[in-house]
Amino acid sequence: MNRTLSPDREGVPVEARPSAGACRVISLAGSGRAEQRAREVVRNTCAESLGARLPDALLVVTELVANAAAHTAGVRGLMLYHDRNATLLTVFDKGGTTSWPRATDADPLAESGRGLHLVAALADSWHARPALEGKAVTAVFRTGPRAAESD
C-alpha cells in the first residue's frame, strides 16, 4: 500500500493515500472558538477539493459545530476526509444526550431551529451515527466528475 504520513501545520499527523484520499482530524475540545477554528481548518484543508462549494461547506461545518455545542455536552473534534469523489465533514460531540439530530419545523418567529435544514439544503447528504463517546454527524459534498455533471 502506498502510504505517506506527514505532519500538518499544527504537527498532527495526516495520512495521505493518493488512491484512497486524505484524512485530517483535529480536536475542538475546550476551544471557546470551535466554530471559527473548524471554518479555518476546512478552508485551509479542503478549499481545493471543494472548489466553488467551499462557502457552503463553511456554513455547514459552522452549523454542525454550533449544534454539537448547544445540544450536547460539547464538541470533541472534526474529521475531514476527501478523495476524488467527495469531501466529508464529520463533527464529533461529547454525548450527554439521548436525542439524535433531526431537522424540525421551527416557529417562523424563532431565532433558531433551522441549522439542519441549511445542512440538508447545502450538503448532498448528511447522517448521524454513534461514536466512541457521543455522536458523529457527517455532511457529504460530492466533488468528483459526477457532481460536476449534475450541476
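Leu-78 is in contact with Arg-24, Val-25, Ile-26, Leu-28, Ala-38, Val-41, Val-42, Val-61, Thr-90 and Val-91, once residues up to four places away in sequence are set aside. In this predicted model, Leu-78 and Val-42 are the residues with the most contacts inside the largest nonpolar core, which has 27 residues. The surrounding protein has four helices and seven strands, and these follow one another along the sequence in the pattern β-β-β-α-α-β-β-α-β-β-α.

**Overall packing**

- Of the 151 residues in the protein, 33% are buried.
- Among contacts with a separation of 6 or more, 54% are between residues 24 or more positions apart.

**The nonpolar core**

- The core of 27 residues receives two or more residues from each of α1 (34–50), α2, β4 (75–82), β5 (86–93), α3 and β7 (135–142).
- Helix α2 gives the largest share of this core, namely eight residues.

**Helix α2 and its surroundings**

- The 18 residues of α2 should span 26 Å at 1.5 Å a residue, and this agrees with the separation of the end C-alpha atoms, which are 26 Å apart.
- The buried residues of α2 are Leu-54, Ala-57, Leu-58, Val-60, Val-61, Thr-62, Glu-63, Leu-64, Val-65 and Ala-68, a list that includes the charged residue Glu-63 alongside the polar residue Thr-62.
- The cover over these buried residues of α2 includes α1, β4, β5, α3 and β7.

**The packing of α2 against α3**

- Helix α2 (residues 54–71) and helix α3 (residues 115–122) have axes that come within 9 Å and cross at roughly 150 degrees, and the crossing of the two helices is left-handed.
- On the α2 side the contact is made by Asp-56, Leu-59, Val-60, Glu-63, Leu-64 and Asn-67, which meet Gly-115, Leu-116, Leu-118, Val-119 and Leu-122 on the α3 side.
- Sorted by class, the residues in this contact of α2 with α3 are seven nonpolar, two polar and two charged.
- Val-60, Glu-63 and Leu-64, which are among the α2 residues that meet α3, are also among the buried residues of α2.

**Three basic side chains in different settings**

- Lys-135 lies in strand β7 and counts as buried because its relative accessibility is 6%, where buried means under 20%.
- Setting aside residues up to four places away in sequence, Lys-135 touches Thr-72, Val-91, Phe-92, Asp-93, Thr-97, Ser-99, Trp-100, Pro-101 and Arg-129.
- Arg-76 belongs to strand β4 and is partly exposed, with a relative accessible area of 32%.
- Beyond its neighbours within four places in sequence, Arg-76 is in contact with Ser-27, Leu-28, Ala-29, Phe-92, Asp-93, Lys-94 and Glu-133, while its C-alpha atom is separated by 8.9 Å from that of Gly-134, 58 residues apart along the chain.
- Arg-43 is placed in helix α1 and is likewise partly exposed, here with a relative accessible area of 40%.
- Apart from residues up to four places away in sequence, Arg-43 touches Leu-54 and Leu-58, both of which are listed among the buried residues of α2.
- The C-alpha atoms of Arg-43 and Ala-57 are separated by 8.8 Å, with the two residues 14 residues apart along the chain.

Note on methods: Residues numbered from 1 in each chain as written. Predicted model: local features only at pLDDT ≥ 70, side-chain atom pairs only at ≥ 80, totals over all residues. Heavy atoms only, no water. Axes fitted to C-alpha atoms, helices over the stretch in contact; angles between N-to-C directions. Left-handed = near helix turned anticlockwise from the far one by under 90°. Contact = heavy atoms within 4.5 Å. Core = buried A, V, L, I, M, F, W, Y, C linked by side-chain atoms within 4.5 Å. Buried < 20%, exposed > 50% of the residue type's maximum accessible area, 1.4 Å probe, protein only. Expected span 1.5 Å × (residues − 1).
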